[in-house]
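Work through the exercises below with the sequence and the model open. Each task is followed by a solution in steps.

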Amino acid sequence: MTDKYGKSLINLLSHKKSFFDSNDDLLSDLKSINDVYIKQPRRKHCKNCNSKLLGSSFVKQNVKYIICHKCEHLNGSHEDTDEFCSALYTEDDGQKYASNYNVKNISEYNKRVTDIYLPKAKYLKKSLLTIEKKPELLSYVDFGAGSGYFISAMRKAGFSNSIGYEVSKSQTEMGNSILGRKSIILHSKNDTLNIINSLTADVVSMIGVLEHLQNPRDVLSALKKNTNFRFLFISVPTFSPSVFLEAVFPEAMHRQLSGGHTHLYTEKSLEHLISEFDLKKVSAWWFGADMMDFYRFIYTSLKANKDTQEIVEEWSKVFIPLMDQMQIEIDKKHLSSEVHMLLEFPRD
């Protein structure tokens, strides 16, 4: 098993401009989502290991979070009910949620693919090459494909036999208009397990998806039982320094633990998941945006205060050159806000 650390945050800044410019509106939207979430029934069992939910806890933006005493997974204290998930993902055909990923034109779409998703596809290819001579001959399915950014990246990386599945009608339509008809297949979230049971792909990818599923354990069980699948490529958000920064900056838009992220993985909870579902780690890429969050929180705080507005650009001059160096030290400790893992299903 090989580990990789770090990825430059400089290119990411241009894609997160709205986080800086629209902080108040985005914060208001997330608080509205939290208002729906805290009205849902209490979560009694860990989202990751299913043990009774006990452990230390804290409250952030009116939501209580509990660190599982068994696997150290970070759980929001309410369930991801049908009502909550519909309000977040599929109401208005998913247009509001899709706005988080919308672009103005094909040029912006391709830039997002190049800067964010192509490095993921290249990493997947490099990891597969350690155990597969010709990974381009394998078949790929991207679950939670959104607007098809990762599918586009996979095809650029040589994985021509790749399609996606998505529950948002608006994102599916946008992706297919760019990638070609039936590149992304629209489905109901209630059909997820049936689709997984019937697929014949070699590799299934879930980029920023596992944490959004209502029943990730059921999905993992279905993936394990379908012997057609050989590999699982995931990207998940983690209980990282960004969470502590969010607790300190309540008036900043929270990226890591808010909205659809009602629970977060830790290295220990991922190890538990891998062990329970008989998976084998092929590779892991630890990189995060914790220091970008830190930069953004200070930036928006300075800008919001009329007494400090004039030094906002000085803060940028000071911190941006330090950002990558500081982040990689976090990444090396396996504490980054995100981790990619290629996992293998042992098959007889």
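The exercises cover one residue and then the nonpolar cores.

This is a predicted model, in which local features need pLDDT of at least 70, side-chain atom pairs count only at pLDDT 80 or more, and totals for chains, interfaces and linings use all residues. Residues are numbered from 1 along each chain as its sequence is written, and side-chain values use heavy atoms, with hydrogens and water left out.

**Exercise 1.** Place Ile207 in its strand and decide whether Ile207 is buried or exposed.

Solution.
- Step 1: Ile207 belongs to strand β8, residues 203-207 (strands are DSSP runs of E, at least two residues, and helices runs of H or I, at least four, numbered from the N terminus).
- Step 2: Ile207 counts as buried because its relative accessibility is 16% (buried means under 20% relative accessible area, exposed over 50%, partly exposed in between, with a 1.4 Å probe and protein chains only).
- Step 3: Ser235 is 28 residues from Ile207 along the chain, yet their C-alpha atoms are 4.7 Å apart.
- Step 4: Leaving out residues up to four places away in sequence, Ile207 touches Tyr117, Lys120, Asp142, Phe150, Phe233 and Ser235 (contact means heavy atoms within 4.5 Å).

**Exercise 2.** Describe the largest nonpolar core.

Solution.
- Step 1: This core holds 49 residues, and Leu124 and Phe150 are among those with the most contacts inside it (a nonpolar core is a set of buried Ala, Val, Leu, Ile, Met, Phe, Trp, Tyr and Cys residues joined through side-chain atoms within 4.5 Å).
- Step 2: Helix α6, residues 106-128, supplies the largest share of this core, 9 residues.
- Step 3: A second, separate core has 32 residues, including Tyr165 and Phe345.
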